[in-house]
Amino acid sequence: MKIAFENPDKVNGLLTLTVEEADYKENVEKTLKNYRKKANIPGFRPGMAPMGMIKRQFGTSVKVDEINKLLGDQIYKYVKENNIQMLGEPMPSDKQVPVDMEGDAPYTFMFDIAVAPEFKIELNGDDTIDYYTIAVDDEVVNRQIDMFASRSGHYDKVEEYQANDMLKGDLRELDENGSTKEGGITVEGAVLMPEYIKVEDQKKLFETAKLGDIITFNPKKAYPESDIEVSSLLKMKKEEVADINADFSFQITEISRYVKAEVNQELFDQVYGKDVVTDEKAFREKIAEGLKAQFAVDSDFKFIQDVRKYAEAKVGELTFPDALLKRIMLNNNKDKGEEYVEKNYAMSVKELAWHLIKEQLATANNVKVEEADVIATAKEAARAQFAQYGMNNIPEEYIENYAKDMLKKGDYTDSFVDRAVDRKLTEALKAVVKLNEKTATLDEFNKMMQE
């Protein structure tokens, strides 16, 4: 087989492969012999059909299959051996002329190859990048305690309504005279939180409500832009409430008020396990310790984002084979069409450029991701997920099993690998660049992350 590669503009490559009969003949004949052994053709005993008949019936299709396999193997072998940084998959070239596969070899095939732009990026002690440490102050600890207390709270039954209370009662549709409509809509045990009513005059109707009161309001006016909320309240399908504009009476049968848990040993045990901490001082210290670890992850994430901005600026704008990459993108998203490609191409190329930059930085700093790194990243994600629900004392064995289950499902594997690369690259770069260390409050940090 002859292979020629042209790459005049450095990013648009043309790979030409000339296939000779000797390249595929042996495999084709071997496959046809197997076909003959299995062929069940009328008039011939199994395996005894003439080889000429087998070749006429299956020869061309077998040859095409073998050549396709050969092309795939040789393309990737050539790309690897010649250190061509190919982007995406090879695409049949527009320069390809029709190939008569029923005719004799040689056959010529041409493929367009998208090649990554050439550039060089390295970071060292001459490069200064900001690194933000989030201050774990009393205010942040107080917020965390308040969150734990809120999650561990309970509902008390009360006599008078206050903002954020939950009301339960009986809803009855009224007629134009304000009386209960005969055969109208009735909902017993309807649940309502007036604080979430969208219209102020409807919300005010509940301000001084007491247990047993009957409040007249209009659900459609209370939630003018949400038939979903009206249908949920009236326990009907969304399409069924479109024409309901009547007033309703709401007789309050229960008022529930959410009360935060007290900051005491019971809360300490719920958050960290029995007797892990035994007083408020130790509780605050334990919270601060956990927040520092959590914030360190956030600081590292901000750092790698700042590395990205710095490195992208240092590299400058890269030239990509746009037309070819759009063809590849369209081929990978056939169901979404050209409009999708045009809309998302710029962002895709931006992410591709960062991927290439990150690859160089990882190689330069000997960053290699092992299975253990991916598992560690999955465990970190599992801990963060449980922490969102206030579950901070999950046994390590359970965390590890949960992480492995996520990896087995495969849905998150690529993202965990990518995050593992980021984690190891972050640690490596923190050791080689000059860090401009700064301290920020949590609010300041969050504001920066939103910019």
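User: Which residues lie nearest the centre of the second largest pocket, and how many residues line that pocket?

Analyst: Welcome! This is a predicted model. In it, the second largest pocket has a lining of 16 residues, and those nearest its centre are Glu21, Tyr24, Val28, Gly59 and Lys63. Its volume comes to about 390 Å³.

User: Which helices supply at least two residues each to the lining of the second largest pocket?

Analyst: Those are α1 (21-38) and α2 (51-81). The biggest share comes from α1, with six residues. Sorted by class, the lining has seven charged, six nonpolar and three polar residues.

User: Why are α1 and α2 called oblique to each other?

Analyst: Let's set the value against the cut-offs. The two axes cross at roughly 130° and come within 8 Å. Angles of 65 to 115 degrees count as roughly perpendicular, and those over 145 as roughly antiparallel. The angle of α1 with α2 fits neither range, so the pair is oblique. The crossing itself is right-handed.

User: What makes up the contact between α1 and α2?

Analyst: On the α1 side, the residues include Tyr24, Val28, Leu32 and Tyr35. On the α2 side, they include Phe58, Gly59, Val62 and Lys63. By class, this contact has 10 nonpolar, seven charged and three polar residues. Tyr24, Val28, Gly59 and Lys63 also turn up among the residues nearest the centre of the second largest pocket.

User: Why are α11 and α13 called roughly perpendicular?

Analyst: The same kind of check works here. Helices α11 (371-387) and α13 (413-432) pack at an angle of about 100°, with 8 Å between their axes. Since 65 to 115 degrees is the range for roughly perpendicular, the angle of this pair falls inside it and the name follows.

User: Which residues meet where α11 packs on α13?

Analyst: From α11 come Asp373, Val374, Ala376, Thr377, Ala378, Glu380 and Ala381. Their partners in α13 are Phe416, Val417, Arg419, Ala420, Arg423 and Lys424. The classes here are seven nonpolar, five charged and one polar.

User: What is the volume of the largest pocket, and which residues lie nearest its centre?

Analyst: The largest pocket has a volume of about 1,600 Å³. Of the 49 residues in its lining, Ala293, Gln294, Val297, Glu380 and Ala384 are nearest the centre. Glu380 is also part of the contact of α11 with α13.

User: How do you know which helix gives the most to the lining of the largest pocket?

Analyst: By its number of lining residues: α8 supplies 16, the most of any. Helices with at least two residues in this lining are α3 (138-151), α8 (280-315), α10 (337-364), α11, α12 (396-409) and α13. By class, the lining holds 22 nonpolar, 18 charged and nine polar residues.

User: How does α10 pack against α9?

Analyst: Helix α9 (residues 322-332) lies against α10 at an angle of about 115°, and their axes are 9 Å apart. The crossing is right-handed. Among the residues in this contact are Leu325, Met329 and Leu330 of α9, together with Tyr340, Val341 and Leu352 of α10. Overall, the contact has eight nonpolar, four charged and three polar residues.

User: Where is Lys10, and what makes its phi stand out?

Analyst: Lys10 sits in the loop between β1 (2-6) and β2 (12-19). Its phi is positive, about 75°, although Lys10 is not a glycine.

User: Which residues are joined by a cis peptide bond, and what is omega there?

Analyst: The cis bond joins Ala105 and Pro106, with omega at about 10°. Pro106 belongs to the loop between β3 (86-92) and β4 (107-115).

Note on methods: Residues numbered from 1 in each chain as written. Predicted model: local features only at pLDDT ≥ 70, side-chain atom pairs only at ≥ 80, totals over all residues. Heavy atoms only, no water. 1 Å grid on protein atoms, 1.4 Å probe; cavity = no way out; pocket = protein on both sides within 12 Å on 5 of 7 lines; lining within 4 Å. Points joined across faces, edges and corners; volume = space filled by probe spheres on them. Helix = DSSP H or I, 4+ residues; strand = E, 2+ residues; numbered from the N terminus. Nonpolar A, V, L, I, M, F, W, Y, C, P; charged D, E, K, R; others polar. Axes fitted to C-alpha atoms, helices over the stretch in contact; angles between N-to-C directions. Left-handed = near helix turned anticlockwise from the far one by under 90°. Contact = heavy atoms within 4.5 Å. Parallel < 35°, antiparallel > 145°, perpendicular 65-115°, else oblique.
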